[in-house]
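User: I'm new to this one and would like a close look at a single part of it. Could you walk me through the helix and what it rests against?

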Amino acid sequence: MNRRRMEGHLSKFTNVVKGWQYRWFVLDPSSRVLKYYLPEDKCRGMEEMEGALVIPSEEDSQTFSIQFSTGEVYRLRATEAKERQVWVDQLRASSIRSFRLPSSRSEQFINPSTDTSDPFASVEDILLDMDFKHQEVVKV
């Protein structure tokens, strides 16, 4: 997936009284940060994308939500289904945790994943084990 800076108008559900409000959103994949602005160019919100869940709504084809690792939730709506899909794809690409595989199996045991609050630790361990097995097969 091509991670590119993305910007554009989305409606954000603000609250029951004000309902849906247009906001200008900017996704910077290099910093993995999503910002949104009020019409007068004032930054109103900023959240880091790492670990965020981006969930398309089942109620219609334009709405989706982002559940950030901070606990904050944005409920957003694009103008059409295709636009929603582009945003969802780019946001998901920015939320995926990037990591470097160790160059050797011994490095994995020197620096094991011990953070139990990290939901990706076990996935990382599986990927490391698969990489080690692949390297062993290649040697044969």
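Analyst: Here is a walk from the sheet to the helix, and then to a few residues worth finding on screen.

One thing to keep in mind is that this is a predicted model. Start with the sheet: it is open, has 7 strands, and runs in the order S4-S3-S2-S1-S7-S6-S5 with antiparallel pairing. Strands S4 (43-48) and S5 (53-56) are the edges, each pairing on one side only. On average, neighbouring strands are turned by 35° against each other, ignoring direction.

Now bring in the helix. H1 packs on this sheet and touches S1, S2, S3, S5 and S6. Its direction makes about 95° with that of S1.

What sits in the largest nonpolar core? That core has 18 residues, and those touching the most other members are Phe25, Leu34, Met49, Phe64, Ile66, Trp87 and Leu91. Two or more residues each come from strands S1 (6-15), S2 (19-28), S3 (33-37), S6 (63-67) and S7 (73-77), and from helix H1 (81-95). The largest share, 3 residues, is from H1. As background, nonpolar side chains in soluble globular proteins tend to be buried together.

Leu91 is a good residue to click on. Leaving aside neighbours within four places in sequence, Leu91 is in contact with Leu27, Leu34, Met49, Val54, Phe64 and Ile66. Phe64, one of those partners, stands opposite Leu76 in S7. As for the strands there, S6 and S7 pair in the antiparallel sense over 5 bridges.

Next, look at Ser95, also in helix H1. Is Ser95 buried or exposed? Its relative accessibility is 9%, and buried means under 20%, so Ser95 counts as buried. Not counting residues up to four places away in sequence, Ser95 touches Arg32, Met49, Glu50, Gly51 and Ala52. With Ala52 there is a polar detail too: a polar atom of the Ser95 side chain lies 3.3 Å from the backbone oxygen of Ala52. Met49 turns up again here, as a contact of Ser95 as well as of Leu91.

Finally, a stop in the loop between S5 and S6, where you'll find Asp60. Asp60 has a relative accessible area of 24%, so it is partly exposed. A polar atom of the Asp60 side chain lies 2.7 Å from the backbone nitrogen of Thr63. Asp60 and Glu80 are 20 residues apart along the chain, and their C-alpha atoms are separated by 9.9 Å.

Technical notes:
Residues are numbered from 1 along each chain as its sequence is written. This is a predicted model: local features need pLDDT of at least 70, side-chain atom pairs count only at pLDDT 80 or more; totals for chains, interfaces and linings use all residues. Side-chain values use heavy atoms; hydrogens and water are left out. A nonpolar core is a set of buried Ala, Val, Leu, Ile, Met, Phe, Trp, Tyr and Cys residues joined through side-chain atoms within 4.5 Å. Buried means under 20% relative accessible area, exposed over 50%, partly exposed in between (1.4 Å probe, protein chains only). Helices (H or I, at least four residues) and strands (E, at least two) are DSSP runs, numbered from the N terminus. Contact means heavy atoms within 4.5 Å. A polar contact is a pair of N or O atoms within 3.5 Å; within protein, one must be able to donate a hydrogen and the other to accept it, and residues adjacent in sequence count only if both atoms are side-chain atoms. Two strands pair if DSSP finds at least two bridges between them. Axes are lines fitted to C-alpha atoms, for helices over the stretch in contact, and angles run from 0 to 180 degrees between N-to-C directions.
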